Amino acid sequence: MTFTFEWAITICVGIFLIGSAISLKTNFRIPTMLTVAILFLAGFWTIFPQDLIEISGLKTVYNICFLVVLIHVGAMFEWKNLKKDWRIAIVVITAIIAITVLVSTIGGVIFGKEIVISSIPPLTGGGIAGIIMMDAANAKGYTQAALLAMMIMTLQMFIGFTLSGIVLRKEAAVRLASGLLNADTDEKDSDIVTKKSRLIDRIPDKYKDTTFHFFACCLLGATAYFLGNYTGSVTGGIVNRSILAIIFGILANAIGIIEKNPLEKSGSYPFLMLGLNIGIMDNLKSVTPGMVLETLIPFIGVFVISSIGIWFLCPLIGKKLNFTPAFSRAIGLNCFLGYPFNHQITVESINAVTEDPQERKLLEKDLLPPMVLSGVISVSVVSVLVAGVFVGLL
């Protein structure tokens with residue numbers, strides 16, 4: 001069978017449809033992305049060509065629109081609430097400390113120095129940290145350690161989906177039962193500027209069509225990409241394009257350049273999220289059955305140790321910050337997720353506990369910003385710093 005564009009995109013979207021259907025059938029207990037990841041992995045091992053997602057064009061959608069969607073995510077944050085978000089950073093750092101200490105000590109005894117040092121940075125956030133450690137381990141001839149770093153970087157989502165879904169459903173149910181959800185309070189006078197003085201409100205509504213909102217996000221995303229080339233190189237990848245896109249989204253909404261949820265107003269959000277969620281599955285094509293078998297025991301071992309640390313230590317710190325145990329664990333588990341996975345699992349967990357559109361909206365307002373912020377802190381900032389330290393120890 002020849003995998004043309006038409007067949008490739010049909011297969012990719014069909015896999016996502018199957019994952020969504022299974023998630024709905026199980027009341028979201030089996031996350032959509034868990035099924036999608038398993039099906040893509042099985043497909044790459046059997047009948048799928050390695051460039052299936054590229055042929056479908058969804059990899060291009062991912063590359064083009066990642067920063068655009070992060071602008072949208074940044075616009076979800078409320079400026080007046082950001083001063084409280086230092087608590088999120090504390091819990092994320094707690095999770096990273098738990099991973100580092102427990103894997104270094106217990107894992108070091110069981111698996112050895114090279115395996116442990118190579119695994120800790122990707123465990124704390126994957127992505128850039130995983131690439132740094134994989135390259136460093138390969139350069140020193142530690143083949144298995146490099147392989148494990150890549151496996152963690154590409155497959156940690158399987159652990160993240162499962163555990164995060166459990167705690168997020170519990171947290172959403174608790175918040176719903178508490179009756180403490182507040183009605184939408186956007187645009188209050190505690191913002192940087194009031195609605196009357198917002199720049200975007202001076203534009204007549206007839207001009208603010210779907211194209212207008214999409215263009216605004218594209219312009220800000222392109223700016224984040226351009227500036228990120230310089231800030232990333234100067235700061236060693238810490239202040240990267242993703243960080244800038246989130247910041248631009250926050251500031252643009254706060255001063256009234258874009259509205260809250262701009263991509264939803266543009267009508268493009270569902271398709272872009274589909275492209276992001278499928279596009280990132282392209283990473284699975286490099287994982288082979290042989291690689292899984294070779295690193296299976298240390299892979300399971302370091303994740304069990306890390307998960308235990310997050311599960312028990314994060315609630316201890318979170319309690320002092322007035323977080324529930326479930327919410328504290330959800331924040332810590334972002335080390336295994338990152339964006340867009342944390343967004344998808346949060347939405348599905350909310351949908352599992354209520355069918356009321358208003359309750360879903362209020363729960364998303366409560367849970368999505370801290371979950372996305374947790375992923376940004378762990379994946380884009382702290383894990384890169386951890387990798388910088390551990391490269392020198394390898």
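**Exercise 1.** Determine whether Ile 278 is buried or exposed, and describe its surroundings in this predicted model.

*Solution.* Ile 278 has 0% relative accessibility and therefore counts as buried, a class that covers residues under 20% relative accessible area with a 1.4 Å probe and protein chains only, whereas exposed means over 50%. The model is predicted, so that local features need pLDDT of at least 70 and side-chain atom pairs count only at pLDDT 80 or more, while totals for chains, interfaces and linings use all residues. Residues are numbered from 1 along each chain as its sequence is written, and side-chain values use heavy atoms, with hydrogens and water left out. Next, Ile 278 lies in helix α12, residues 269–279, where helices are DSSP runs of H or I with at least four residues, numbered from the N terminus. Leaving aside neighbours within four places in sequence, Ile 278 is in contact (heavy atoms within 4.5 Å) with Cys 12, Val 13, Phe 16, Phe 40, Ile 53 and Leu 58.

**Exercise 2.** Work out how helices α7 and α8 are arranged relative to each other.

*Solution.* The axes of α7 (residues 127–139) and α8 (residues 143–178), which are lines fitted to C-alpha atoms over the stretch in contact, come within 8 Å and cross at roughly 165°. The two helices are therefore roughly antiparallel, the class for angles over 145 degrees on a scale from 0 to 180 degrees between N-to-C directions. Among the residues that meet are Gly 127, Ile 131 and Met 134 in α7, and Ala 145, Ala 149 and Met 153 in α8. The residues of this contact divide into nine nonpolar, three polar and no charged, with Gly counted as polar, and Ala, Ile and Met as nonpolar.

Technical notes:
Angles under 35 degrees count as roughly parallel, over 145 as roughly antiparallel, 65 to 115 as roughly perpendicular and the rest as oblique.
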